[in-house]
Amino acid sequence: MDSVKKLIALFFALLLAGCAQVGPLPAPDNYVAPGLTGLPPQSRVVILPIVGPEHEFAKGELMALGQLRTQLQAAGYRIAALDKANYELIWRQEVEAVGGIYDAATGAQRPGQHAQAMSSLARRVCQEANCALLLRYQLVVRRAELDGKTADWDGQRRPILISGAAGQEYRSSGTTDAVSLELLAMSADGSVAFKSYAGASLPYRNNAFKEKLELRDDLFQNDAEIADAVRLALAPVVRR
């Protein structure tokens, strides 16, 4: 009789485990170098500036910079930033050294040359600044999977935003645009330490009454979503 009770208990335990909601999966294109488990205490991390014209995610990227500084410092690392003018000069020199990172005929990026330029940049900057890690960050558009009332992408799960529903319940399926933090970390020897994509925000709200997507008016009004994305992106070197 006891064995029957044990089997019944085991059955219900397995049933409950199977019914438990699976958390959002990490981005499939994340990469962590073998053996990387963090950095020595007080390691210096240099953060590269974002260059280029002003764009719709600029405010969010400024928040991401602040959160990178805050969370890395809280983990015991020393933070330094390369100023924009100096970075543009050094990067231009590294790009010229590999013969350019874009194809002259098609305008397509040359991945091999870009990787060489980044590797050389990391070695050069870390030698001069005595840093253990060089970080490049940006906000990018990715695809989120819609499942009922939530959207999953890049290790993140957010509720689908609905307006004009007049009390009706809406469920969604398919995919939609989402904003993620892309973080590339280069080691002092020029190798890739890790590359991560971390879900940050759903930029659109579904207006059920007008049957269209509208850009959120509260996007990047505070840094809570960005802070969450930075936490996910820094996981290879910041243990919680």
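What percentage of the 240 residues of the protein chain count as buried? The figure is 41%. The model is predicted. Its protein chain holds five helices and eleven strands. The chain exposes about 13600 Å², and carbon and sulfur atoms supply 55% of that area. Sequence separation tells another part of the story. Take contacts between residues at least 6 apart in sequence: 71% of them join residues at least 24 apart.

Start with the open space. The largest pocket encloses about 770 Å³. Its lining counts 28 residues, and P49, I50, V51, Y137 and Q138 are the closest to its centre. Which elements give two or more residues to this lining? They are helices α2 (58-74) and α3 (84-97), together with strands β4 (133-148) and β9 (192-201). By class, the lining splits into 17 nonpolar, five polar and six charged residues.

Now turn to the second largest pocket. Its volume is about 180 Å³. Here 13 residues form the lining, with L146, I160, T176, N206 and L213 nearest the centre. Strands β8 (172-187) and β10 (204-207) are the elements that give two or more residues to it. The largest share comes from β8, which supplies three residues. The class count for this lining is eight nonpolar, three polar and two charged residues.

Strand β4 leads into a run of paired strands. It joins β5 (residues 150-153) through three bridges, and the two run antiparallel. How many residues lie between β4 and β5 in their hairpin? There is one residue between them. Across this pairing, E145 stands opposite D152 in β5.

The next step along the chain repeats the antiparallel sense. β5 and β6 pair over four bridges. In this case W153 stands opposite Q156 in β6. The hairpin of β5 and β6 has two residues between the strands. Within that hairpin, D154 takes a positive phi near 45 degrees. As background for reading these strands, side chains in a regular strand alternate between the two faces of the sheet.

Further on comes helix α5, residues 224-233. Which of its residues are buried? They are I226, A227, D228, A229, V230 and A233. The set includes a charged residue, D228. What do these buried residues pack against? Their partners are helix α2 and strands β4, β6 (156-159), β8 and β9. Several of these names have come up already. α2, β4 and β9 each give two or more residues to the lining of the largest pocket. β8 does so for the second largest pocket. When viewing the helix, a general rule helps: an α-helix has 3.6 residues a turn, so residues three or four places apart point the same way.

Finish with one residue of another helix. A115 is found in α4, which spans residues 111-129. Why does A115 count as partly exposed? Its relative accessibility is 44%. The partly exposed class runs between the 20% cut-off for buried and the 50% cut-off for exposed, so A115 belongs there. A further reference point is I101, which is 14 residues from A115 along the chain. The C-alpha atoms of A115 and I101 are separated by 8.9 Å.

Definitions and conventions
Residues are numbered from 1 along each chain as its sequence is written. This is a predicted model: local features need pLDDT of at least 70, side-chain atom pairs count only at pLDDT 80 or more; totals for chains, interfaces and linings use all residues. Side-chain values use heavy atoms; hydrogens and water are left out. On a 1 Å grid over the protein atoms alone, a cavity is a set of points where a 1.4 Å probe fits but cannot get out, and a pocket is an open set with protein on both sides within 12 Å along at least five of seven lines; lining residues have an atom within 4 Å of a point. Grid points are joined across faces, edges and corners, and a volume is the space filled by probe spheres set on the points. Buried means under 20% relative accessible area, exposed over 50%, partly exposed in between (1.4 Å probe, protein chains only). Contact means heavy atoms within 4.5 Å. Accessible areas come from the Shrake-Rupley method with a 1.4 Å probe; for residues, only the protein chains shown count as cover. Two strands pair if DSSP finds at least two bridges between them.
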